[in-house]
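This report goes through one structure by region. Please keep the sequence and the 3D view at hand while reading.

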Amino acid sequence: MIIAKIIGVGWMLVWFWTLLRSCINLTLEGKDPFAALFALALAWFVIGFVPVAIVKFGWRYIG
């Protein structure tokens with residue numbers, strides 16, 4: 001069970017840092033920083049958080 005938590009946290013952190021780096025690169029290229037932050041938050045929610053939440057819900061439903 002602890003391994004699943006580590007994998008879930010790792011998944012969210014990897015996507016957060018990847019998207020943050022992308023947001024910084026876009027800002028340095030002259031894009032709007034507020035739009036980049038909104039895109040970062042939305043993408044992290046969809047790619048980083050939702051799959052972990054779905055798996056956790058499914059795990060509780062099965063178990």
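The sections below cover the helices, a nonpolar patch, the aromatic rings and some distances between residues.

## Helices

The model is predicted. Helix H1 covers residues 2–28, and a loop lies between H1 and H2. Glu 29 has its place in that loop. With a relative accessible area of 59%, Glu 29 is exposed, because the cut-off for exposed is over 50%.

Helix H2 takes in residues 33–62. At 1.5 Å a residue, its 30 residues should span 44 Å. The C-alpha atoms at the ends of H2 are 42 Å apart, which agrees with that expected span. H2 also has a kink of about 40° at Phe 49, shortly before the proline Pro 51. Buried residues in H2 include Ala 36, Leu 40 and Gly 48.

## Nonpolar surface patch

Which residues make the nonpolar surface patch? Trp 11, Phe 38, Leu 42, Phe 45, Val 46, Ile 47 and Phe 49 form it, and the patch comes to about 680 Å². Helix H2 gives the most to this patch, with 6 residues.

Two of the patch members, Phe 45 and Phe 49, both lie in H2. Phe 45 has a relative accessibility of 42% and so counts as partly exposed. Phe 49 is likewise partly exposed, at 34%. Both values fall between the limits for buried, under 20%, and exposed, over 50%.

## Aromatic rings

How many aromatic pairs does the structure hold? There are 4 aromatic pairs. In one of them, the rings of Phe 45 and Phe 49 have centres 5.7 Å apart and planes at 25°, so this pair is stacked. The angle cut-off for a stacked pair is under 30 degrees.

Phe 45 and Phe 49 are 4 residues apart in H2, about one turn of the helix. An α-helix has 3.6 residues a turn, so residues three or four places apart point the same way. Ring pairs also bring in Trp 44, linking Trp 44, Phe 45 and Phe 49 into a cluster. Phe 49 is thus named in three settings: the nonpolar patch, the ring cluster and the kink in H2.

## Distances between residues

Several residues of H1 can be placed by distance. Trp 17 lies in helix H1 and, at 54% relative accessibility, counts as exposed. Trp 17 and Gly 48 are 31 residues apart in sequence, with their C-alpha atoms 10 Å apart in space. Gly 48 is one of the buried residues of H2.

Thr 27 is also found in H1. At 31% relative accessibility, Thr 27 counts as partly exposed. Its C-alpha atom is separated by 9.3 Å from that of Leu 37, and the two residues are 10 residues apart along the chain.

Lys 56 is found in H2 and counts as exposed, with 56% relative accessibility. How far apart are the C-alpha atoms of Lys 56 and Gly 8? They are separated by 9.1 Å, while the residues are 48 residues apart along the chain.

A further pair starts from the loop residue Glu 29. The C-alpha atoms of Glu 29 and Phe 49 are separated by 27 Å, and these residues are 20 residues apart along the chain.

Terms used:
Residues are numbered from 1 along each chain as its sequence is written. This is a predicted model: local features need pLDDT of at least 70, side-chain atom pairs count only at pLDDT 80 or more; totals for chains, interfaces and linings use all residues. Side-chain values use heavy atoms; hydrogens and water are left out. Patches are made of residues with over 30% relative accessible area and no salt bridge: like charges are joined within 9 Å, nonpolar side chains (Val, Leu, Ile, Met, Phe, Trp, Tyr) within 5 Å. Accessible areas come from the Shrake-Rupley method with a 1.4 Å probe; for residues, only the protein chains shown count as cover. A salt bridge is a side-chain nitrogen of Lys or Arg within 4 Å of a carboxyl oxygen of Asp or Glu. Helices (H or I, at least four residues) and strands (E, at least two) are DSSP runs, numbered from the N terminus. Rings of Phe, Tyr and Trp (its six-membered ring) pair if their centres lie within 6.5 Å; planes under 30 degrees apart count as stacked, over 60 as edge-to-face and the rest as tilted. Buried means under 20% relative accessible area, exposed over 50%, partly exposed in between (1.4 Å probe, protein chains only). The expected span of a helix is 1.5 Å times one less than its number of residues. The bend at a residue is the angle between axes fitted to the seven residues ending there and the seven starting there.
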